[in-house]
Amino acid sequence: MNTEDVLNEFRDAGALREGHFVLSSGLHSPVFLQKNLVFMDGERCERLCKALAEKVVATVGPVDAAISPAVGGIIPGYETAKHLKVRSMYVERVDGEFKLRRGFSVEPGEKIVMVEDIVTTGLSSRECIEAIKKAGGDVIAAACIVDRSGGRADVGVPLIALATMDVPAYPADALPPELAALPVEDPGSRRLSK
Ligand SMILES: O=P(O)(O)OC[C@H]1O[C@H](OP(=O)(O)OP(=O)(O)O)[C@H](O)[C@@H]1O
Ligand SMILES: O=C(O)c1cc(=O)[nH]c(=O)[nH]1
Ligand SMILES: [Mg+2]
């Protein structure tokens with residue numbers, strides 16, 4: 001499955017949105033991938049995550065477990081882990097910091113793939129990887145459905161993306177006038193608890 005195939009899944013799901021969005025990182029963008037509309041369709045989700053699992057194995061070989069950052073990473077993490085035939089876990093924010101909870105644990109040195117839905121700056125991925133390392137896991141790779149950084153995001157381990165896009169994102173004080181003129185939506189969850 002190549003980038004165009006993946007973007008067609010997003011288009012068909014009505015998940016490739018245009019407007020004015022504030023992203024998890026605080027950057028503003030004219031494009032938002034509303035991945036929930038993709039993952040709500042089990043067959044669509046399976047097509048994407050099966051392809052991602054195959055790409056992970058082809059790139060780094062077998063892994064022991066997949067761990068994702070809540071909330072967006074949970075469904076693709078579960079589905080990708082299913083095709084990797086490994087257990088699926090997730091980290092969630094406690095006072096803003098990702099933690100492994102709910103009885104999830106990793107054995108020291110287990111080979112972990114961190115599975116994310118979308119990578120923009122890579123901040124959420126880096127935070128998730130840090131939490132996995134603290135829990136004792138050896139993160140050998142990160143994987144995502146879409147890397148929208150054009151391949152520039154550095155998550156500290158190899159990033160295996162099913163699709164790569166290069167979408168503009170701007171600091172709040174440097175918006176192009178046509179973007180600033182549009183009402184802003186904040187669809188993510190990072191700022192929900194503040
Ligand atoms: O690479 P980054 O700049 O970190 O951006 C990508 C992250 O943003 C979204 O999560 P968000 O924090 O909006 O929360 P959600 O997972 O609950 O949707 C998305 O699920 C990624 O985790
Ligand atoms: O950077 C983000 O927060 C982000 C971008 C995007 O396109 N989709 C998403 O769910 N989050
Ligand atoms: Mg997320």
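## Exercises on the cores, a hairpin and the cysteines

The largest nonpolar core of this predicted model has 33 residues, and Val6, Phe10, Val38, Leu84, Val113, Ile145 and Val146 have the most contacts inside it. Such a core is a set of buried Ala, Val, Leu, Ile, Met, Phe, Trp, Tyr and Cys residues joined through side-chain atoms within 4.5 Å, where buried means under 20% relative accessible area, exposed over 50% and partly exposed in between, for a 1.4 Å probe and protein chains only.

In this predicted model local features need pLDDT of at least 70, side-chain atom pairs count only at pLDDT 80 or more, and totals for chains, interfaces and linings use all residues. Residues are numbered from 1 along each chain as its sequence is written, and side-chain values use heavy atoms, with hydrogens and water left out.

**Exercise 1.** Determine which helices and strands supply at least two residues each to the largest core.

*Solution.* Take helices (H or I, at least four residues) and strands (E, at least two) as DSSP runs, numbered from the N terminus. The elements that each supply at least two residues are then helices H1 (3-12), H2 (36-39), H3 (42-60) and H4 (74-84), together with strands E2 (28-33), E6 (111-119), E7 (138-147) and E8 (159-164). Among these, H3 gives the most, with seven residues. Apart from this core lies another, of 16 residues, which include Phe98, Ile132, Ala142 and Val157.

**Exercise 2.** List the contacts (heavy atoms within 4.5 Å) of Ile145 beyond its neighbours within four places in sequence.

*Solution.* With those neighbours set aside, the partners of Ile145 are Val6, Phe10, Phe39, Leu48, Cys49, Leu52, Pro76, Glu116, Asp117, Leu162 and Ala163.

**Exercise 3.** Describe how E1 and E2 are joined, and state how E2 is enclosed.

*Solution.* Two strands pair if DSSP finds at least two bridges between them; here five bridges join E1 (residues 16-22) to E2, and the two run antiparallel. One of the bridges has Glu18 partnered with Val31 in E2. The strands form a hairpin with five residues between them, and Gly26 in the turn has a positive phi of about 90°. Five of the six residues of E2 are buried, so this strand is largely enclosed by the rest of the structure.

**Exercise 4.** Decide how many disulfides (cysteine sulfur atoms within 2.5 Å) the structure holds, and examine Cys49 and Cys128.

*Solution.* The structure holds zero disulfides. For Cys49, the nearest cysteine sulfur, that of Cys45, is 4.1 Å away. For Cys128, the closest cysteine sulfur, in Cys144, is 12 Å away, too far for a bond. Cys49 is buried, with a relative accessible area of 0%, and Cys128 also counts as buried, at 0% relative accessibility.

Terms used
Chains lettered and ligands numbered in written order. Disulfide = S-S within 2.5 Å.
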